[in-house]
Amino acid sequence: AAAYIEHLLASVTTPLKGLKIVVDCANGASSLVAPIVYEKAGATVVAIHHSPDGWNINDGCGSTHLEDLQAAVVREGADFGIAHDGDSDRCLAVDGTGAVVDGDQIMTILALGFKSRGKLKADTIVGTVMSNLGFMHAMKNAGINVITTAVGDRYVLEKMLEGDYSLGGEQSGHLIIREHANTGDGILTALALAQEVVRTGKSLAELASSMQRFPQVLIN
């Protein structure tokens with residue numbers, strides 16, 4: 001865990017000082033690590049569902065059950081909330097009002113931030129056929145090219161390696177930031193998102209508003 005925490009903190013170039021974050025660890029893999037990482041990065045942290053007993057993983061909590069996180073963010077007066085899933089490769093968020101910020105919106109925020117700092121290789125991001133139409137519009141408006149793949153982070157990574165792209169991911173909150181990892185890492189994603197909030201001086205709600213989520217129905 002110590003080596004992993006060190007690896008995560010190496011991605012932090014902008015301290016999270018002044019942020020209050022609620023994190024829902026889904027009683028899973030992030031339970032012992034995520035609260036420590038966000039605190040060491042400079043944030044004030046309130047952790048919920050961070051007591052795994054071997055049975056309660058993802059049980060009414062985490063990224064598939066955001067209700068507790070939404071309530072906790074409002075109750076604590078936090079800047080925003082982060083939700084991981086059991087194996088902690090996903091990251092979804094909740095803004096200060098309790099509204100959900102999904103994977104497409106997080107990708108939009110990170111893509112715009114990466115581009116502004118010259119870190120978005122070839123001004124291209126890799127998404128999937130499930131990406132919301134609003135994400136496509138936001139990227140087009142920002143002059144960012146989107147490559148779409150089949151659903152699954154293995155396909156996203158395949159395209160990223162093929163074109164040497166720096167950022168890709170899915171609506172579900174699986175994001176790959178290739179500078180620091182070759183697979184989805186929810187804590188890494190959350191750190192990148194929190195740094196964008198600090199760098200821009202904007203609330204998460206303001207940043208998320210750069211993408212208008214379109215109505216969407218998924219049919220298997």
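At 24% relative accessibility, His49 falls in the partly exposed class. In this predicted model, His49 sits in the loop between β2 (44–48) and α3. What makes the residue worth a look is its backbone: His49 has a positive phi of about 50 degrees, even though it is not a glycine. Most residues other than glycine have a negative phi. Ala122 is another case, with a positive phi of about 60 degrees and, again, no glycine at that position. Ala122 is also a loop residue, found between α4 and β6. With a relative accessible area of 62%, Ala122 counts as exposed.

Stepping back to the whole protein, the secondary structure comes to eight helices and nine strands. The radius of gyration is 16 Å, close to the 17 Å that the globule rule gives for 220 residues, so the protein is as compact as a globular protein of that length. Along the principal axes, the C-alpha trace spans about 40 × 40 × 35 Å. Buried residues account for 52% of the 220 residues. As for the outside, the protein exposes about 9900 Å², and carbon and sulfur atoms supply 52% of that area. Contacts also reach across the sequence: among those between residues at least 6 apart, 63% join residues at least 24 apart.

Next come the charged pairs. A search of the whole structure turns up eight salt bridges. In one of them, the side chains of Lys20 and Glu76 meet at 3.4 Å, N to O. Lys20 belongs to strand β1 (residues 20–24) and Glu76 to helix α3 (residues 67–76), so this pair ties together parts that are 56 residues apart in sequence. Both ends of the bridge are partly exposed, Lys20 with a relative accessible area of 24% and Glu76 at 29%.

A salt bridge also joins the side chains of Asp164 and Lys121, again at 3.4 Å, N to O. Here the partners come from loops: Asp164 lies between α6 (153–163) and β8 (167–169), and Lys121 between α4 and β6 (124–128), so the pair ties together parts that are 43 residues apart in sequence. Asp164 is partly exposed, with a relative accessible area of 36%, and Lys121 is partly exposed at 40%. The loop that holds Lys121 also holds Ala122.

The bridge between Glu196 and Arg199 is a local affair, with the side chains meeting at 3.2 Å, N to O. The two residues are three apart in helix α7 (residues 186–200), which puts about one helical turn between them. Their surroundings are not alike: Glu196 counts as buried at 4% relative accessibility, whereas Arg199 is partly exposed at 32%. Arg117 joins in as well, and Arg117, Glu196 and Arg199 are linked in a network of salt bridges.

Asp104 tells another story. Placed in helix α4 (residues 103–116), Asp104 is buried yet has no salt bridge. The nearest side chain of opposite charge belongs to Arg213 and is 7.6 Å away, while a salt bridge needs the nitrogen and the carboxyl oxygen within 4 Å. What the side chain of Asp104 does have is a polar atom 2.8 Å from the backbone nitrogen of Asn132. Asn132 also appears among the residues that Asp104 touches, and leaving out residues up to four places away in sequence, the others are Met130, Ser131, Phe135, Glu170, Gln171 and Met211.

Right beside Asp104 in the chain is Gly103, also placed in helix α4. Gly103 is buried, with a relative accessible area of 0%. Setting aside neighbours within four places in sequence, Gly103 is in contact with Leu92, Glu170, Gln171, Gly173 and Leu175. Glu170 and Gln171 thus turn up in the contacts of Gly103 and in those of Asp104. Tyr155 stands apart from this spot: the C-alpha atoms of Gly103 and Tyr155, 52 residues apart along the chain, are separated by 16 Å.

Note on methods. Residues numbered from 1 in each chain as written. Predicted model: local features only at pLDDT ≥ 70, side-chain atom pairs only at ≥ 80, totals over all residues. Heavy atoms only, no water. Helix = DSSP H or I, 4+ residues; strand = E, 2+ residues; numbered from the N terminus. Buried < 20%, exposed > 50% of the residue type's maximum accessible area, 1.4 Å probe, protein only. Lys, Arg positive; Asp, Glu negative; His and termini not counted. Polar contact = N/O pair within 3.5 Å; in protein donor to acceptor, adjacent residues only side chain to side chain. Contact = heavy atoms within 4.5 Å. Rg over C-alpha atoms; globule rule 2.2 N^0.38 Å. Areas by Shrake-Rupley, 256 points an atom, 1.4 Å probe, with all protein chains shown as cover.
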